[in-house]
Amino acid sequence: MLIPRRYLRLLGVQLKASGLLALQYRADFLAEGLTSLAWTFTALAPLFVVFGTRPSIEGWTFHESLLVVGWFTLLQGVLEGAISPSLTGVVEHIRKGTLDFVLLKPADAQFLVSTQRFLPWRAVNVLSGVGLFVYAFVSLGRWPSFPGVLASLVLLGTSVLLLYSLWILVVSAAFFVVKVDNLTYLFTSIFDAARWPSSVFRGVLAVVFTFIIPLALMTTFPALAMLGRLPWTWLVGAVVGSVVFAWVARRVWLMSIRHYTSASS
Amino acid sequence: MISVRGLRKHYQVHKRPPGLKAALRSLVHRSYTSVKAVDGISFDIKPGERVGFLGPNGAGKTTTLKVLAGLLHPSEGEVHVDGHVPRLREEAFLKKIMLVMGQKQQLLWDLPPAETFELNRAIYDVPRPQYKQTLEELVSLLELEDLITKPTRQLSLGERMKCELAAALIHRPRVLFLDEPTIGLDVSMQVTMRAFIKAYNEKTGATLILTSHYMDDVAALCPRVIVIDKGQLSYDGTLDALVQRVRPEKRVVLRLARPVDAALLESLGRVVSHEPGSAVLQVQQDAVNATVGRALSTLPVTDLTVENAPLEEVMSELFQEGKARRAEAAREAVPA
Amino acid sequence: MSLRTSLKALPTMLRIGFSEAVAYRAEMIIWVLATTMPLIMLALWSAVARTGAVGRFGQAEFVGYFLAAFCVRQLTSSWVAWLLSYEVKQGTLAMRLLRPISPLLAYATEVLAGIPLRLLVVAPVVAISLWVVGAGAVPASLGGWGLFGLSLVGAWLVTFYLNVLLGTLSLYLESSQKLMDIYMVLYFVCSGYMFPVEFFPPGVRMVIDVLPFRYQMGLPVELMTGAHATGPALVLLAKQWGWVVGLGVVATLVWRRGLARFAAFGG
């Protein structure tokens with residue numbers, strides 16, 4: 001997919017504006033750091049509690065699970081820093097009826113709403129995630145193999161794509177619901193299930209989290225890749241799957257926009 | 001009914017210039033400036049009066065209204081509304097007043113206005129029979145029959161504003177504050193609102209204070225105006241007298257049977273506009289009679305009217321004057 | 001505001017609040033879907049319990065516990081903090097202040113009016129719990145039900161007052177969103193929402209017992225699933241109601257001061 005230069009420039013402008021805004025709220029940096037730590041702690045506290053009862057659960061030891069939590073934390077940074085803020089923006093647009101202004105602009109609406117706001121302070125989460133990786137591998141007493149790292153980097157790409165597509169789907173739902181504030185909350189709380197290795201889920205939940213809301217692909221797969229336990233067929237599956245998922249999300253988005261423009265007066 | 005003595009309202013506002021450097025600096029140090037929204041205002045309003053607050057944006061009109069409604073505490077000064085001190089927000093006081101803001105709504109967004117009316121009935125403890133009567137009157141005067149059972153979100157801005165007004169009057173407030181009640185409405189809806197507000201005042205004898213950007217609102221509704229500029233009261237009296245003071249000149253509007261020479265018009269007075277079939281002249285008040293006589297005898301006049309200058313123009317002149325006066329004062333204050 | 005006027009207005013306020021809740025039913029379904037974390041935790045702990053019980057919790061006990069947690073969340077949650085900070089930002093708090101009724105009472109009735117609709121979600125979940133777990137899913141005696149009811153009311157009040165406190169802070173801070181985030185995190189971890197508080201090591205338990213969070217969630221859940229004998233249950237209830245009174249006083253004071261500040265700075 002070729003991105004026109006104009007779009008890159010637009011992205012630059014939006015990033016700069018968000019950067020300035022972030023600097024304006026001085027207390028946020030501290031609060032951001034604290035929330036990030038608190039979130040990481042939340043992700044860990046149940047982990048400690050769970051592994052306090054068993055040395056391993058469904059084939060995952062404590063330190064291996066830390067890798068899943070690490071991926072969860074990292075993606076949470078991406079989600080809250082680059083994806084959610086814009087979601088809140090769209091929800092606001094729809095509520096106030098100002099989405100029309102976005103649709104009037106001579107650029108792709110999906111691109112515009114996806115890049116309207118960033119919260120750079122939330123990158124703190126990404127650092128926490130990386131910190132968890134380092135701690136986990138030091139504790140495991142070994143380092144990931146080169147192909148393992150490579151595969152996990154590929155999966156980082158697919159995970160972000162999946163997360164973003166999932167977000168577009170949630171935004172699309174905002175066109176059909178009257179009061180939409182809770183959608184952001186729905187999104188983060190669904191995503192929350194991704195902090196656990198996917199093998200703990202069985203039956204319906206396993207199907208849901210692999211194929212419908214592919215949380216397993218986002219955190220468990222990259223963790224497995226780092227551990228060198230991810231079969232290459234799964235890797236291919238994840239890449240193909242996320243592309244298909246993104247395509248579906250795009251179709252749904254276009255359909256919702258059509259619904260919006262034909263329904264509003 | 002309302003008495004205001006030496007009202008002052010000052011705020012501390014965080015100030016930050018634009019730009020990256022300033023943003024970085026404000027991380028460490030923030031500068032505050034004191035804004036004098038209202039700076040020493042006194043006036044009295046008798047029961048049943050209709051008073052318009054005039055002034056440019058940020059002059060302190062809304063701040064004054066909010067102080068009168070008890071939403072803001074004055075920094076200094078005495079304010080009484082029907083024997084109450086507004087900032088105490090006594091129940092008896094709140095039941096007597098209402099503030100309608102054109103840009104903020106109290107109607108429940110996803111329920112029909114009828115539900116908000118009912119809610120207000122309960123909250124203001126309005127007896128059932130009185131509620132029924134008030135509602136019937138409001139519904140017929142404002143033509144709300146079809147509106148009050150539709151969810152608010154489906155109403156147009158004008159319809160919503162009518163319902164908003166109705167919701168504000170369920171408890172028959174003795175004092176009604178209106179902050180830009182006609183903002184964004186089309187002309188015919190503005191006329192409806194004005195007529196209704198006036199009728200409410202005449203029928204119930206409620207005291208009314210209005211701020212509006214539309215001079216027509218003020219001209220149609222308020223025999224008395226109070227001009228607030230930069231937080232200070234610069235005029236208090238009738239609208240006519242204000243116009244007289246600012247623009248003593250009158251306008252003579254002429255319709256002409258055929259085009260006339262510009263020089264001919266200029267000999268009569270200052271030419272405000274001149275088109276082939278019409279012309280507008282501005283003349284001193286004492287010269288009006290003479291000018292009208294000469295125009296009728298020297299020009300092919302088919303119609304002639306004498307008017308005041310448009311209110312919008314009068315106002316902008318007034319505020320320009322205020323600005324010039326302040327600039328003058330500032331120059332004098334600074335030693336050369 | 002006089003108590004008499006408030007009480008007279010209450011039924012109408014509740015009825016209209018209920019109509020609003022019905023108008024926002026799609027909203028509520030989304031919110032219910034967003035609060036399914038106990039089900040995720042149930043899946044996780046079931047996986048753990050597959051190889052043997054954890055303390056007194058086997059798979060069935062986990063089902064009972066987390067379904068109860070889901071129900072308690074539905075019935076005790078409050079969105080006043082968000083509402084308040086939104087209304088402060090939009091300036092619509094002024095419209096509430098014009099009315100001769102305490103905004104706090106108005107917020108409380110709005111939340112309460114949503115409960116009947118939530119019961120529609122809760123009832124089938126309780127039925128499922130009864131079917132899977134048996135009679136142990138609900139209190140065994142009338143007295144047990146009474147204690148559970150009391151703890152539920154207490155939990156609602158603690159949550160409400162904490163919300164008022166957090167929401168009022170938005171009158172002081174430019175963005176109180178971060179504080180609310182931190183609050184949610186603490187609530188999730190410390191309340192017994194993700195796992196029973198008895199799984200914490202003893203040292204941490206002491207801290208948890210002192211914090212208000214357990215009394216928002218853990219206590220009603222434990223009383224519903226019959227975790228305590230009457231004696232200890234009463235001690236815990238006393239602690240909970242201590243929080244209710246304490247937070248009630250603090251929240252009201254902070255709210256009053258916040259309003260004075262709102263009146264000084266304008267909306």
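Buried here means under 20% relative accessible area. With that in hand, let us tour the aromatic side chains of this predicted model. Both Tyr183(C) and Phe213(C) fall into the buried class.

The rings of Tyr183(C) and Phe213(C) also pair up: their planes meet at 45° and their centres are 6.3 Å apart, so the pair counts as tilted. Tyr183(C) belongs to helix α10 (residues 177-190) of chain C, while Phe213(C) sits in the loop between α11 (202-210) and α12 (218-224), and the pair thereby links parts of the chain 30 residues apart.

Over all chains, the count of aromatic pairs comes to 27. One of them joins Trp45(C) and Phe62(C), a stacked pair with 5.4 Å from centre to centre and 25° between the planes. Because Trp45(C) lies in helix α3 (residues 37-49) and Phe62(C) in helix α4 (residues 59-76) of chain C, this contact ties together parts that are 17 residues apart in sequence. Trp45(C) is buried at 0% relative accessibility, and Phe62(C) is buried with a relative accessible area of 0%.

Which residues do ring pairs link into a cluster with Trp45(C) and Phe62(C)? Phe57(C), Tyr65(C), Phe66(C) and Phe199(C) join them there.

Rings also have charged company in this model, as the table shows for chains B and C.

| Charged end | Ring below it | Distance from ring centre |
|---|---|---|
| Arg121(B) | Tyr131(B) | 6.0 Å |
| Arg118(C) | Trp31(C) | 4.4 Å |

In each row, the charged end of the arginine sits over the ring named beside it.

Definitions and conventions. Residues numbered from 1 in each chain as written. Chains lettered and ligands numbered in written order. Predicted model: local features only at pLDDT ≥ 70, side-chain atom pairs only at ≥ 80, totals over all residues. Heavy atoms only, no water. Phe/Tyr/Trp six-rings, centres within 6.5 Å; stacked < 30°, edge-to-face > 60°. Helix = DSSP H or I, 4+ residues; strand = E, 2+ residues; numbered from the N terminus. Buried < 20%, exposed > 50% of the residue type's maximum accessible area, 1.4 Å probe, protein only. Lys NZ or Arg CZ within 6 Å of the ring centre and 35° of its normal.
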